[in-house]
Amino acid sequence: MFYNTKDGHPFRFNPLSAIVTPRPIAWISTQDGKGVRNLAPYSFFNLTAYDPPQVMFASTLTKTDQIRSKDTVANIEATGVFCINVAELASAEAVNKSSAPLPKEMNEFEHAGVEQATCETIDCVRVANAPASLECCLNEIIDLPGENNHLVLGFVKAVHMRDDCIRDGKFEIKTYRPLTRLGYQDYSAIADTFVLKRPK
Ligand SMILES: Cc1cc2nc3c(=O)[nH]c(=O)nc-3n(C[C@H](O)[C@H](O)[C@H](O)COP(=O)(O)O)c2cc1C
């Protein structure tokens, strides 16, 4: 099977997001200029550097009550900050619920029944019981080719880790099982891991 992306794929659903898997899920909390809180999952997400620590995520499409992006990007443009909360298996239903395209004045924490806590270093909220949360400030938003595609680059200012996720000086993913995004409507939660020593 081969297709050239300019000709389009022959399937009912785009296979690309099933090919690039598993993707970590950034459960991103923000607030708008008036303090309305927002929470939404983004799986076009990754860590991009250690020093200074940096992250990226990408937003595609827009919604009817925003001009050129989704609420998360519009809020980051307005406030310059955001918090990335790690999604776990136990929060799968709430993560999915928070992805509903709600009007911008609605708070997804309340809609999805997620407890909120305040951030320490930025004027923003976070998911109270997340395995980890990264308090971030905006570096740059790059408009990507196509309509309403945006790459958001940020600096990690502070890190929260849940106490039960720390074992023997390491952040232990087996305590919470990271929720990952596959293609279509599929998810996976990491359970099996193994160690490989890096070659010298
Ligand atoms: C697990 C999951 C991952 C998602 N990843 C992305 C993503 O990477 N980029 C994107 O634009 N939308 C993504 N979405 C869709 C957004 O979460 C959805 O459009 C949401 O309504 C955006 O909320 P906001 O307007 O409050 O930012 C994802 C949805 C789910 C359920």
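In what order do the strands of the seven-stranded open sheet run? Keep that in mind while you get your bearings; what you have open is a predicted model.

**The whole chain**

Start with everything in cartoon. You should find four helices and 14 strands in the protein chain. Its radius of gyration is 17 Å, close to the 16 Å that the globule rule gives for 200 residues, so the chain is as compact as a globular protein of that length. Spin the C-alpha trace onto its principal axes and the spans come out at about 50 × 50 × 35 Å. Colour by burial if you like: buried residues are 29% of the 200. Of the contacts with a separation of 6 or more, 61% link residues 24 or more positions apart.

**The seven-stranded sheet**

Now back to the opening question. Reading across the open sheet, the order is S3-S2-S6-S9-S10-S5-S4, and the pairing is antiparallel. S3 and S4 (45-50) are the edge strands, each pairing on one side only. Look along the sheet and you'll see the twist, which averages 30° from one strand to the next.

Next, select H2 (71-79). This helix packs on the sheet, where it touches S2, S3, S5, S6, S9 and S10, and its direction makes about 50° with that of S2.

Time to walk through some of the strand pairs:

- Select residues 26-31, strand S2, together with S3: six bridges join this antiparallel pair. Show Thr30 and you'll find it standing opposite Asn38 in S3.
- Move on to S6 (residues 81-86) and S9 (residues 132-144), antiparallel again, with five bridges between them. Pick Cys83, whose bridge partner in S9 is Glu135.
- Keep S9 and add S10 (residues 149-161): these two are antiparallel over twelve bridges. Here Glu140 faces Leu153 in S10.

Stay with that last pair for a moment. S9 and S10 make a hairpin with four residues between them, and Gly146 in the turn has a positive phi of about 95°.

**The ligand**

Centre on the ligand and bring up its surroundings. The shell holds 20 residues, and the closest are Ala40, Phe44, Lys70, Asp71 and Thr72. Which strands and helices each supply at least two residues of that shell? They are S3 (37-42), S5 (53-59), H2 (71-79) and H3 (92-97). The edge strand S3 gives the largest share, four residues. Colour the shell by residue class and you get nine nonpolar, seven polar and four charged.

**A glycine in a loop**

Jump to Gly113, in the loop between H4 (108-112) and S7 (116-118). Is Gly113 buried or exposed? It counts as exposed, because 11 other C-beta atoms lie within 10 Å and the cut-off for exposed is 12 or fewer. Draw a C-alpha to C-alpha distance from Gly113 to Lys97: the viewer should give 9.1 Å for two residues that are 16 apart in sequence.

**The three-stranded sheet**

Last stop: the open sheet of three strands, ordered S1-S13-S14 with antiparallel pairing. S1 (23-24) and S14 (187-189) sit at the edges with a single partner strand each, so one side of each has no neighbour in the sheet. Select S1 with S13 (residues 179-181) and you'll find an antiparallel pairing over two bridges. Pro24 is the residue to label here, and its bridge partner in S13 is Thr180.

Terms used
Residues numbered from 1 in each chain as written. Predicted model: local features only at pLDDT ≥ 70, side-chain atom pairs only at ≥ 80, totals over all residues. Rg over C-alpha atoms; globule rule 2.2 N^0.38 Å. Buried ≥ 20, exposed ≤ 12 C-beta atoms within 10 Å, placed from the backbone. Contact = placed C-beta atoms within 7 Å. Pairing = 2+ DSSP bridges. Near = placed C-beta within 6 Å. Nonpolar A, V, L, I, M, F, W, Y, C, P; charged D, E, K, R; others polar. Axes fitted to C-alpha atoms, helices over the stretch in contact; angles between N-to-C directions.
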